[in-house]
There are 4 protein chains.
Amino acid sequence: METMYAIVKTQPKVGAEYTTHPLPQIADNEVLVKVKSTSICGSDLHLYNWDAWSASRVQVPRIMGHELAGEVVELGREVTAVAVGDFVSTETHIHCGYCSACRHGFPEVCMDLKILGFQRNGVFAQYISLPQDVIWKNHPSFPREWASIQEPMGNAVDTVLAEDVAGKTVLVTGCGPVGLLTIAVARAAGATTIFASDVNEYRLNLALKLGATVILNPEKVNLVEYILDATHGDGVEVLLEISGNVSALTDGLRVVMHGGRVSLLGLFKDGKVPVNLNDEIVMKGVRIYGVTGRKIFATWYKTSQLLSSGRINLDPIITHKFPMAEFEKGIQLMSEGMCGKIMLLPPQ
Amino acid sequence: METMYAIVKTQPKVGAEYTTHPLPQIADNEVLVKVKSTSICGSDLHLYNWDAWSASRVQVPRIMGHELAGEVVELGREVTAVAVGDFVSTETHIHCGYCSACRHGFPEVCMDLKILGFQRNGVFAQYISLPQDVIWKNHPSFPREWASIQEPMGNAVDTVLAEDVAGKTVLVTGCGPVGLLTIAVARAAGATTIFASDVNEYRLNLALKLGATVILNPEKVNLVEYILDATHGDGVEVLLEISGNVSALTDGLRVVMHGGRVSLLGLFKDGKVPVNLNDEIVMKGVRIYGVTGRKIFATWYKTSQLLSSGRINLDPIITHKFPMAEFEKGIQLMSEGMCGKIMLLPPQ
Amino acid sequence: METMYAIVKTQPKVGAEYTTHPLPQIADNEVLVKVKSTSICGSDLHLYNWDAWSASRVQVPRIMGHELAGEVVELGREVTAVAVGDFVSTETHIHCGYCSACRHGFPEVCMDLKILGFQRNGVFAQYISLPQDVIWKNHPSFPREWASIQEPMGNAVDTVLAEDVAGKTVLVTGCGPVGLLTIAVARAAGATTIFASDVNEYRLNLALKLGATVILNPEKVNLVEYILDATHGDGVEVLLEISGNVSALTDGLRVVMHGGRVSLLGLFKDGKVPVNLNDEIVMKGVRIYGVTGRKIFATWYKTSQLLSSGRINLDPIITHKFPMAEFEKGIQLMSEGMCGKIMLLPPQ
Amino acid sequence: METMYAIVKTQPKVGAEYTTHPLPQIADNEVLVKVKSTSICGSDLHLYNWDAWSASRVQVPRIMGHELAGEVVELGREVTAVAVGDFVSTETHIHCGYCSACRHGFPEVCMDLKILGFQRNGVFAQYISLPQDVIWKNHPSFPREWASIQEPMGNAVDTVLAEDVAGKTVLVTGCGPVGLLTIAVARAAGATTIFASDVNEYRLNLALKLGATVILNPEKVNLVEYILDATHGDGVEVLLEISGNVSALTDGLRVVMHGGRVSLLGLFKDGKVPVNLNDEIVMKGVRIYGVTGRKIFATWYKTSQLLSSGRINLDPIITHKFPMAEFEKGIQLMSEGMCGKIMLLPPQ
């Protein structure tokens with residue numbers, strides 16, 4: 001077999017194709033992985049839509065996708081850390097290891113980052129070649145369906161655990177797939193009251209299933225008043241901003257307690273966001289953490305253990321599964337926000 | 001009423017008496033609390049037994065006890081933060097506020113600490129006077145039976161949360177009442193595998209109920225081998241030492257992972273403990289936290305919220321209740337280790 | 001003596017008066033302090049100018065000022081922590097001790113804060129009454145002239161030390177008095193390259209004296225290009241924003257390294273500041289600390305020790321001294337930015 | 001040239017030889033470095049003496065040494081991060097990158113560590129082959145003499161900066177070369193009072209030159225009484241233990257303040273050290289950090305910048321220089337403790 005099926009961004013415009021593509025070659029320090037299952041990320045939707053962010057980062061043709069579960073089928077001759085037959089997932093941020101960020105201990109914000117499915121061919125395919133350095137080995141008993149979701153869940157883990165949340169009140173703004181994962185992690189990590197906000201009722205219902213204690217639709221209720229009232233005027237100790245929505249951030253900051261903490265994961269449509277720095281950050285002594293990517297691999301350990309121990313159940317978040325050939329259905333559902341996590345399965 | 005019933009250490013020797021005692025007076029910044037329920041701490045047993053530690057700290061006569069749930073019945077004239085009728089518990093470390101430790105932000109290790117039931121009359125009585133500064137107000141709906149247990153649970157909270165535990169493997173050595181609380185907190189805060197060790201099978205069974213995932217009796221199994229095997233040679237990321245037992249500490253340190261963390265809460269019979277600093281601390285890059293008391297009141301918020309949210313259920317840990325007059329039964333059970341937490345109830 | 005001289009905000013409009021005022025009375029837990037020297041803060045200028053921020057916070061008449069060195073001359077009957085003759089300064093944030101922020105360990109952002117010279121009579125006077133809880137005792141040998149400056153220097157200490165700076169590159173935006181103190185603290189705490197920016201050449205020259213290694217006037221040089229060039233494209237590890245100027249913040253964030261840290265102390269004219277959250281915070285994994293006030297008193301220890309040990313020399317920052325009666329001269333210089341720290345001395 | 005001169009541990013007994021050795025070969029990802037200067041570490045002395053610790057770790061023959069300054073003269077064909085002519089030093093802990101410690105973010109305590117001069121040939125030679133991953137590039141203007149000392153100074157940096165020290169009182173126990181570096185780093189990082197203890201007057205005098213503010217010989221003065229007296233009974237906020245001496249540790253722990261911090265770097269003759277855990281760690285709420293190796297490379301940035309900025313001057317610590325052929329002189333001085341840092345220079 002010299003070709004395989006893959007979802008390829010073939011043109012610099014909206015859309016993508018399920019088509020044949022040459023089988024990847026592996027370098028000495030790489031492994032060939034047979035893809036077992038994948039899942040769709042919001043950033044795949046951006047790439048599909050060829051928005052400004054994607055257009056400035058990606059050259060076509062490019063195989064899309066980066067959330068992976070697969071099996072190692074071939075090893076480069078220098079590979080020592082992985083074996084044929086290993087059940088693996090992958091870190092999708094391929095860091096250089098030599099830039100100033102990497103060497104300061106922040107590989108997740110490497111200054112020369114290559115991201116699977118963006119600057120390097122991705123996982124929406126039958127096979128993928130990967131450097132052994134980014135391979136994460138799953139225990140053979142690890143739930144097959146959950147393996148690819150460890151990658152986005154890692155973002156949720158770092159968002160939640162920038163500081164501890166045990167015994168604390170939390171607001172999660174945004175209940176898309178990563179917001180739902182964030183709720184699940186906050187719950188597992190001991191957050192007590194978890195307010196979750198979104199304008200999409202479908203997602204708010206999923207939020208309840210994942211562990212939110214109070215769901216709030218800001219189109220129907222005054223979020224600031226509600227939370228201040230529910231917390232006797234104190235507000236929440238922790239804000240986890242996943243929506244990338246300016247009003248969500250503005251409201252969220254207003255209800256962060258004096259001395260509270262904020263994690264920002266969501267990306268905003270227009271990067272320049274008006275923030276009331278005086279009243280909400282400086283005068284309240286608030287701490288903010290920008291979160292992108294995962295601590296490689298400290299975050300993977302936590303994520304993997306939260307799942308394999310059964311502390312977090314991902315079943316409620318997996319709302320749809322499609323053969324890779326029908327990926328357009330997933331893209332459509334993602335656009336409408338009528339889904340949790342969507343799995344794409346390549347032909348075996 | 002000018003006298004009340006109380007458990008009083010009347011003599012500088014083994015024992016204590018349930019007897020009458022003058023009703024406490026309150027100063028301008030104090031409140032009078034009618035005691036509703038109390039619970040016994042291991043340190044009460046030390047005082048009862050008049051061991052060297054107690055004898056060097058306490059002057060008789062002294063009303064014993066420090067874990068409290070009660071109702072405010074009278075206010076000093078400068079009291080503003082508490083009202084008659086409030087359902088309250090109390091921080092038992094009365095810090096001076098002016099010493100170097102207090103002013104560095106460590107009131108829990110105040111250099112002039114007065115502890116209820118030791119350097120100041122305690123809660124095993126019908127009434128107690130308390131400075132408003134140490135009063136913790138419980139929400140009226142807070143579970144009555146659990147209110148006094150917030151104090152020792154606060155120790156467990158600080159022991160567990162010296163660093164976060166979410167997604168991590170933990171070993172708790174010692175399953176007495178505080179060990180059990182530690183297990184419950186670790187579980188609620190997201191620890192995944194929780195090994196718990198004790199030589200007492202009764203307590204190990206309670207450990208399972210509180211959330212331990214593996215129980216180990218070091219008299220029956222080689223703890224070091226077992227844990228290294230179960231963790232593929234890595235060991236545990238976190239050791240929480242509650243037992244005050246030298247072999248438990250020694251074994252525990254041996255299985256702490258490279259780069260791991262240790263919290264020490266247990267007090268050792270002979271203070272001078274041999275520790276393999278080279279191999280277990282320095283060469284493994286381990287961090288150790290000595291824990292005593294609670295962060296006043298940051299810890300109380302976490303504790304209270306973990307309980308009121310239902311994240312932690314204390315019912316399994318409350319194994320016995322006695323009228324205060326029958327306190328000797330509790331002392332006896334504590335001595336034998338055949339109990340979880342024991343409640344003592346004063347006449348109402 | 002039943003009256004004293006003081007600088008009083010007598011009218012709700014621009015200006016203030018040097019006039020007589022009744023001598024303060026002390027409560028049981030308060031002390032009377034004879035004022036020896038004071039210094040002017042930027043916030044005093046706001047109050048003098050009766051801007052919106054001041055008008056919303058202050059009721060006239062009000063004695064102004066909050067940076068103090070003085071001598072205790074009388075004690076309330078419950079005072080135990082201070083003695084007549086003590087050489088003292090004062091924390092100016094009088095926190096309630098009972099609100100949620102105080103009890104979470106954040107008294108510096110108390111939800112019911114009373115600030116000297118704003119919500120309570122201040123130190124621009126011959127005498128002031130102060131609760132013993134906020135008194136800081138200086139060692140008798142502590143440099144007299146520097147004692148009042150510990151208060152604003154405490155802000156600089158917390159701004160710099162939100163995380164450590166030893167061996168790191170730092171940018172300080174804004175070289176007014178607090179900016180200058182920030183530079184001095186960063187230098188003493190081991191920052192290696194310290195870029196300092198301001199549009200005022202007088203202040204930039206002071207910045208050099210206080211320890212800046214590179215001074216940059218953004219009206220004359222492209223700060224972003226300069227710093228990226230000087231750091232081989234990496235940028236600075238730490239941004240300390242003191243100016244409250246939007247372009248300074250924008251430029252500063254652009255040159256913060258991936259994985260870097262920001263402290264925000266400056267207050268912005270218009271609270272709503274446009275911030276490029278995507279590129280500068282989220283995608284770079286940056287941490288931000290809002291800083292206001294001081295950790296009471298952990299910060300005072302550090303501040304006091306940095307000064308008494310001679311690690312920091314405040315002489316270059318004290319550019320002017322006036323009798324209190326001539327306070328308008330100080331206000332004028334502050335408005336023009338042609339000063340470091342200005343001392344005001346009451347009649348003795 | 002096919003052979004070179006090197007200091008080789010040739011026999012499993014006391015001693016070493018300056019002799020010829022085949023020139024090292026480089027693998028694809030390695031570089032060949034011409035050694036310009038090296039310095040002797042205490043661990044080299046252990047290896048020379050073939051003590052139990054060394055005998056259990058090293059197989060002869062082995063080229064000794066690990067503190068390096070050199071020039072890259074040849075590149076393996078996959079090397080991209082380094083160029084011929086680069087002025088380099090080297091991290092000496094060659095971590096595997098795949099073990100649990102490495103992947104948790106603790107490569108400095110890698111479970112499969114190879115240390116230069118111990119498990120792999122070292123730098124006391126004319127040439128050495130090194131993986132590009134451990135190469136640290138010095139700026140061409142970096143002081144030549146100081147380059148090899150960055151490695152042990154990195155240990156001092158991590159020892160000091162486990163938590164910040166700015167504005168704090170510190171005790172450094174042990175004034176050998178690493179102790180002296182620790183003093184210099186503590187001083188540069190803003191420690192105010194620095195007590196330094198040793199029984200060797202020669203070293204105490206060096207300690208003063210490096211920045212200690214008080215030197216104490218525990219054979220002549222009661223260290224505990226002296227420090228408690230000098231700190232008004234508070235003790236020191238930070239203990240940095242470098243000596244590996246049990247009494248130094250015992251005394252040091254006694255004077256650590258309530259709520260204070262300890263870093264342990266020194267290795268103890270007999271690993272099992274009696275520690276008063278109850279009184280000195282638990283009841284005082286003390287935090288302890290085991291330190292070994294360096295955070296790779298976050299520590300190198302700090303170290304390099306502290307030196308290149310001139311914040312720390314290493315000249316006083318370099319007390320001797322010898323041609324490599326005369327290494328026995330250096331070994332002798334180290335044994336007697338009559339030296340700071342000793343340089344060994346290979347024939348050029």
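In this predicted model, C:Met4 sits opposite C:His21, a residue of strand β2 of chain C. That pairing belongs to a longer match: strand β1 (residues 3-9) and strand β2 (residues 17-22) of chain C run antiparallel, with 6 bridges between them. Strand β1 of chain C also has a partner in strand β4 (residues 62-63), again antiparallel, this time through 2 bridges. Here C:Val8 is matched with C:Ile63 of β4. As for its surroundings, 5 of the 7 residues of β1 in chain C are buried, so the strand is largely enclosed by the rest of the structure.

Now for how the chains relate. Any two copies of a chain are linked by a rotation about an axis and a shift along it. For chains A and C, a turn of 180° with a shift of 0.0 Å along the axis lays one on the other at an RMSD of 0.0 Å. The two copies are therefore related as by a two-fold rotation axis. Within chain A, A:Pro274 has the C-alpha nearest that axis, at 2.0 Å. Chains A and C also meet through the same surface, because 100% of the interface residues of chain A are interface residues in chain C too.

Then there is the contact between chains B and A, to which each gives 21 residues. About 1700 Å² is buried there, with 50% coming from carbon and sulfur atoms. On the chain B side, B:Thr192, B:Gln305 and B:Arg311 supply 31% of the area buried against chain A, more than any other three residues. Between these two chains there are 0 salt bridges, but 11 residue pairs are in polar contact. Helices α5 (177-188) and α10 (298-308) of chain B each give two or more residues to the side touching chain A, and α10 makes the largest contribution, with 4 residues.

Definitions and conventions
Residues numbered from 1 in each chain as written. Chains lettered and ligands numbered in written order. Predicted model: local features only at pLDDT ≥ 70, side-chain atom pairs only at ≥ 80, totals over all residues. Heavy atoms only, no water. Buried < 20%, exposed > 50% of the residue type's maximum accessible area, 1.4 Å probe, protein only. Pairing = 2+ DSSP bridges. Least-squares fit on C-alpha atoms with pLDDT ≥ 70 in both. Contact = heavy atoms within 4.5 Å. Buried area = accessible area lost by both parts, 1.4 Å probe. Salt bridge = Lys/Arg side-chain N within 4 Å of Asp/Glu carboxyl O. Polar contact = N/O pair within 3.5 Å; in protein donor to acceptor, adjacent residues only side chain to side chain.
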